[in-house]
Amino acid sequence: MYKIIILSVMFVLPMSVKSADIFVSDRQFTEQNYTQAMQGYLQAAKVGNPHAYYQLGKMYYQGLGAKQDMVQALMYFSLAAEQDFHNSQELLDKLVNSVPSASREQVITALVEHQLSNGEDFINSKYFPVIDEAALNTRYTFDGLDTLQTVYYPEEIDLEDYSTELPSETFYDENGDESEGEDSFALMISTPRTPFLVIDHDLHSDGSVRYTSNIQKFGYYQPLLNEFTLFPNAKPAFNGTPANFATRTFLGAAAYNKFTLIRENENMYGTILKLIRRFKKGNDINDEFNLAMLMLNFPWISQEENEAENLLLSLAQRGHSPAMFEYGFKLYREQRDIVDAIKWISEASKYGFVRAEYRLATLLQSSPWVVHDDQKALFWFQSAMKKGDKDAAIRAADILLTTADESLRDIELATDYLNELEDSQSNNPEFHYLTALTFRTGQNRNISLTVKHLKRAIMKGQMANWDTTEWDDLLSRISTGNVYVTDEN
């Protein structure tokens with residue numbers, strides 16, 4: 001049986017089980033919890049996941065988790081075969097040939113019709129981006145330049161003092177888990193002189209850094225991150241028009257070249273070399289992925305031309321969802337092969353990889369290379385927020401409150417989302433702006449609270465170097481000629 005391998009904590013890109021629903025279903029299937037597994041596979045099948053199709057075909061064929069149903073088995077194997085998944089075509093042919101010859105032609109016709117109404121083209125049109133072919137030859141510029149600076153090391157602050165905030169020999173992954181042991185990466189970066197941080201983030205059209213996601217972090221990195229978010233970044237534009245861009249930035253020790261790393265942390269350098277040798281000798285898909293990510297994050301590592309990228313592509317083609325995302329996002333932020341970039345980010349989303357879901361939703365909202373679609377974006381933001389992504393919840397609330405598509409407007413649902421985020425997002429300017437909008441109209445209309453939250457949004461936005469002109473204009477329109485009593489008054 002074909003099996004997608006679940007990643008454990010990895011060197012560069014830890015992957016939480018909660019961020020990949022289909023892997024939960026795989027585990028349930030292995031544990032023979034077939035009813036639960038089937039529910040998860042059915043959810044993944046809705047967005048065209050070929051692995052889910054394949055598993056459902058097997059389960060209906062064998063009567064696992066549901067009554068044996070040859071028709072359902074044929075239909076799901078047919079959908080998996082359409083995407084050339086594993087040996088699904090072979091199994092489909094075998095099942096079709098087992099049908100009595102008098103009925104075989106009718107079965108084949110039914111499968112073709114089923115594919116037309118439920119297959120890849122239908123799924124793509126419902127959930128995934130439509131490429132704007134006319135825009136593919138245009139690229140972003142950043143303050144007029146063709147490339148964006150992706151490393152940041154502020155010389156004006158003493159980062160060495162921050163390393164004392166964490167105990168030595170401690171490694172925290174993106175989920176806050178702690179791992180220790182002689183063979184862990186922790187030992188080589190214990191109490192680093194300079195914090196090490198790699199982040200994905202949205203670069204807004206005003207040059208501000210928004211919605212950061214920690215990819216890897218060592219040491220007491222928060223002051224470094226705070227400094228970076230306040231640093232004036234280049235403003236992205238597309239065809240001369242201000243536009244949002246998605247990118248990855250290397251901060252602090254992550255921006256070191258080989259010789260600086262040797263000078264500042266020779267132990268870290270030596271352990272990286274040790275890990276390279278170990279991963280090259282490994283024969284498992286996790287070792288291949290870790291090796292690719294090491295080579296991407298430390299380009300001074302000796303490697304053949306495009307070796308890391310080619311390895312990621314190979315892994316993606318074998319059904320490895322983090323590699324799908326990493327390969328696609330690398331192409332996207334380097335503005336190469338845009339169609340392939342979006343394709344692989346979409347494929348990773350089919351597997352429920354939460355980082356891919358969030359990024360896919362932002363592309364559907366703001367990428368100049370795709371046809372904007374708030375309905376599709378909302379679907380993926382909501383999928384990511386159900387897995388705990390708070391940034392996705394903010395973006396979903398924004399669509400519910402501001403979309404031009406009236407059929408998607410839902411103030412009550414947006415209010416529910418924002419209420420759940422109140423404790424964690426109180427310093428987010430957009431949280432207060434959206435909260436202000438919930439009080440501007442509808443059953444909870446309260447202009448005093450609208451003004452209060454708008455003022456907070458503007459204050460916090462200006463502190464974060466956001467362009468708040470639009471919010472200032474709204475506050476002016478609301479408050480002109482009126483006096484409102486708020487807590488701040």
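Student: What makes helix H10 and helix H11 a packed pair in this predicted model?

Tutor: Two packed helices are described by the angle between their axes and the distance between the axes. Here the axes of H10 (residues 266–281) and H11 (residues 285–297) come within 9 Å and cross at roughly 145°.

Student: How do you know that H10 meets H11, and which residues of H10 take part?

Tutor: Contact means heavy atoms within 4.5 Å. Ile272, Leu275, Ile276, Phe279 and Lys280 of H10 meet Asp287, Asn290, Leu291 and Leu294 of H11. By class, that contact holds six nonpolar, one polar and two charged residues.

Student: On to the sheet. Why are S2 and S6 called edge strands?

Tutor: The open sheet has four strands in the order S2-S9-S5-S6, with mixed pairing. Strand S2 (151–152) and strand S6 (209–218) each pair on one side only, so they are the edge strands.

Student: How do you know that S5 and S6 pair?

Tutor: Pairing takes at least two bridges. S5 (residues 196–203) and S6 have seven, in the antiparallel sense, so they count as paired. Isoleucine 199 stands opposite asparagine 214 in S6, and leucine 203 has valine 209 of S6 as its bridge partner. In the hairpin of these strands, with five residues between them, glycine 207 takes a positive phi near 90°.

Student: Why is S6 called mostly covered?

Tutor: A residue is buried if its relative accessible area is under 20%. Eight of the 10 residues in S6 are buried, so S6 is mostly covered.

Student: Which helix packs on the sheet?

Tutor: Helix H13 (residues 321–333) does, touching S5 and strand S9 (245–252). The direction of H13 makes about 100° with that of S9.

How values were computed:
Residues are numbered from 1 along each chain as its sequence is written. This is a predicted model: local features need pLDDT of at least 70, side-chain atom pairs count only at pLDDT 80 or more; totals for chains, interfaces and linings use all residues. Side-chain values use heavy atoms; hydrogens and water are left out. Helices (H or I, at least four residues) and strands (E, at least two) are DSSP runs, numbered from the N terminus. Axes are lines fitted to C-alpha atoms, for helices over the stretch in contact, and angles run from 0 to 180 degrees between N-to-C directions. Ala, Val, Leu, Ile, Met, Phe, Trp, Tyr, Cys and Pro count as nonpolar, Asp, Glu, Lys and Arg as charged, and the others, Gly among them, as polar. Buried means under 20% relative accessible area, exposed over 50%, partly exposed in between (1.4 Å probe, protein chains only).
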